[in-house]
Amino acid sequence: MAAEPRTSLGDLRGRDLLSAADISPDAWRRLLELASALKLEWQAAGRHDQEPLHGRAVALVFEHPSLRTRVSTELAVGQLGGQPVYLVGGDVGIGRREAAGDIGRTLGAWVSAIVARTLRDETCRELAAGASVPVVNGLTDREHPLQAVADALTVTEALGGVERRIIAFIGDGNNVAASLAIAVTSLGGVMRLATPAAYAAPADLMAVADDRARSTGGRLELLRDPIAAARGADVLYTDVWTSMGMEAQRDRRRTDLAGYTISRALLAQAAPDARVMHCLPAHPGEEIEAELLDAPASLIARQAENRLHATKAVLATLLSYPDA
């Protein structure tokens, strides 16, 4: 969607969602309230009283396959009354058969929104610049805002809110970590990010998270020591050390990130009732001990479930859900 100055980051209607920073602290709270309401409504009735996507189509433009993002987005569109159109890899050929901006312009003539999962953040932004409809970042190499909305919803459900809670992300400061840091600090929480120096999250995104923390009473702590990060934390969070497309780096990453595994010993350093989170897929024995994936402390299954309700809240808000 062609860029234009924002007068209020709290007003997401009709806007792109390319970064967790596109959601103001107030809009974060309202998104979580809407996601929770939509979840309760669906669980109670198996339907929604309002279908803000009725008669609308949403294109899912994915450069690589996905389980959680694809299924949760297709279901979200359908449950809100819309029609998902899934396009993957060679179906579109971004940058090979056609430029991202041209694809955005074409799809914008047919659909009401685009959810894009692209290898490069620049590709997603080029797509949005060409599109006349809202574009949602469904994952790029820099950020994963949809996952952050689901994670914030999960912490809110499990712990009563994010404010003043300590969320410790251990491992690679990747796209998930970056968006999560902005979400946590936007909601007044404490984000601890423990990474080796070479795997630090992007400095510009951490600057946004730090600014948010200053305005909400939260805090951002960038650390090297996973034990220091885990000490007294309410949540220990991790993600795979080798993401899709990085397979050639796996051996080096396993060496560099050794010592950053979420283990029972590390969990013992956290708060007595601390919870464990992981956005999946997992590599048990690398970034997390296998026993913790299904342990009583685990919120991992709920995170996956909440991807559906988080995506519904985002799409309903961008496409003019009343008072969203």
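Okay, so Leu139: you'll find it in strand β4. I'm starting there because Leu139 has a positive phi of about 140° although it is not a glycine. Is Leu139 buried or exposed? It's buried, with a relative accessible area of 14%; the cut-off for buried is under 20%. And keep in mind as I go that this is a predicted model.

The rest of that strand fits the picture. β4 covers residues 135-139, and five of its five residues are buried. Which strand does β4 pair with in the parallel sense over four bridges? That's β3, residues 113-117. If you want one spot to look at, take Ile114, whose bridge partner in β4 is Val135.

Now, how do you get from β3 to β4? Through helix α4, residues 121-130, and the three together make a right-handed β-α-β unit. Helix α4 has a buried side too: Asp121, Thr123, Cys124, Leu127, Ala128 and Gly130. A handy thing to remember here is that an α-helix has 3.6 residues a turn, so residues three or four places apart point the same way. What do the buried residues of α4 pack against? They pack against α3, which is 100-108, and against the two strands β3 and β4.

Let's move across to β1, residues 57-62. Six of the six residues of β1 are buried, so this strand is largely enclosed by the rest of the structure. In a regular strand the side chains alternate between the two faces of the sheet. For β1, you can go through them face by face: Ala57, Ala59 and Val61 sit on one side, Val58, Leu60 and Phe62 on the other, and all of them are buried.

β1 has strand partners as well. Five bridges join β1 to β3, and those two run parallel. Here Ile114 turns up again, this time as the bridge partner of Ala59. So, looking at Ile114 in your viewer, you can find Ala59 of β1 as one bridge partner and Val135 of β4 as another.

The other partner I want to show you is β2, residues 83-88, which runs parallel to β1 and is joined to it by six bridges. Leu60 of β1 stands opposite Tyr86 in β2. And what links up with these two strands to make a right-handed β-α-β unit? It's helix α2, residues 68-79.

Hold on to Tyr86 for a second. The structure holds two aromatic pairs. One of them is Phe62 with Tyr86, and it's edge-to-face: 5.5 Å centre to centre, with 80° between the planes. Phe62 lies in β1 and Tyr86 in β2, so this pair ties together parts that are 24 residues apart in sequence. Both rings belong to buried residues: Phe62 has a relative accessible area of 2%, and Tyr86 has 19%.

Back to helix α2, for one residue, Ser72. Ser72 is buried, at 6% relative accessible area. Leaving out residues up to four places away in sequence, Ser72 touches Arg307, Leu308 and Thr311.

There's another long-range link at Arg30, which is in helix α1, residues 25-45. How far apart are the C-alpha atoms of Arg30 and Thr317? They're separated by 9.5 Å, with the two positions 287 residues apart along the chain. The side chain of Arg30 also makes a polar contact with the side chain of Asp26, at 3.0 Å. Arg30 counts as partly exposed, at 25% relative accessibility.

One more odd spot, and it's in the loop between β9 (275-278) and α11 (290-293), where Pro281 sits. A cis peptide bond joins Leu280 and Pro281, with omega about 0°. Leu280 is in that loop too, and its phi is near 65°, a positive value in a residue other than glycine. Unlike the buried Leu139, Leu280 counts as partly exposed, at 24% relative accessibility.

Last thing: confidence. The mean pLDDT of the protein is 94, and 95% of its residues reach 70 or more. Over residues 2-10, though, the pLDDT is below 50, and beyond near neighbours in sequence that stretch has 17 contacts in the model. Where pLDDT is low, the predicted coordinates should not be read in detail. That's me done, thanks!

How values were computed: Residues are numbered from 1 along each chain as its sequence is written. Side-chain values use heavy atoms; hydrogens and water are left out. Buried means under 20% relative accessible area, exposed over 50%, partly exposed in between (1.4 Å probe, protein chains only). Two strands pair if DSSP finds at least two bridges between them. A crossover is right-handed if, with the strands pointing away from the viewer, the path from the first strand over the helix to the second runs clockwise. A polar contact is a pair of N or O atoms within 3.5 Å; within protein, one must be able to donate a hydrogen and the other to accept it, and residues adjacent in sequence count only if both atoms are side-chain atoms. pLDDT is the predictor's confidence in each residue, from 0 to 100. Contact means heavy atoms within 4.5 Å. Rings of Phe, Tyr and Trp (its six-membered ring) pair if their centres lie within 6.5 Å; planes under 30 degrees apart count as stacked, over 60 as edge-to-face and the rest as tilted.
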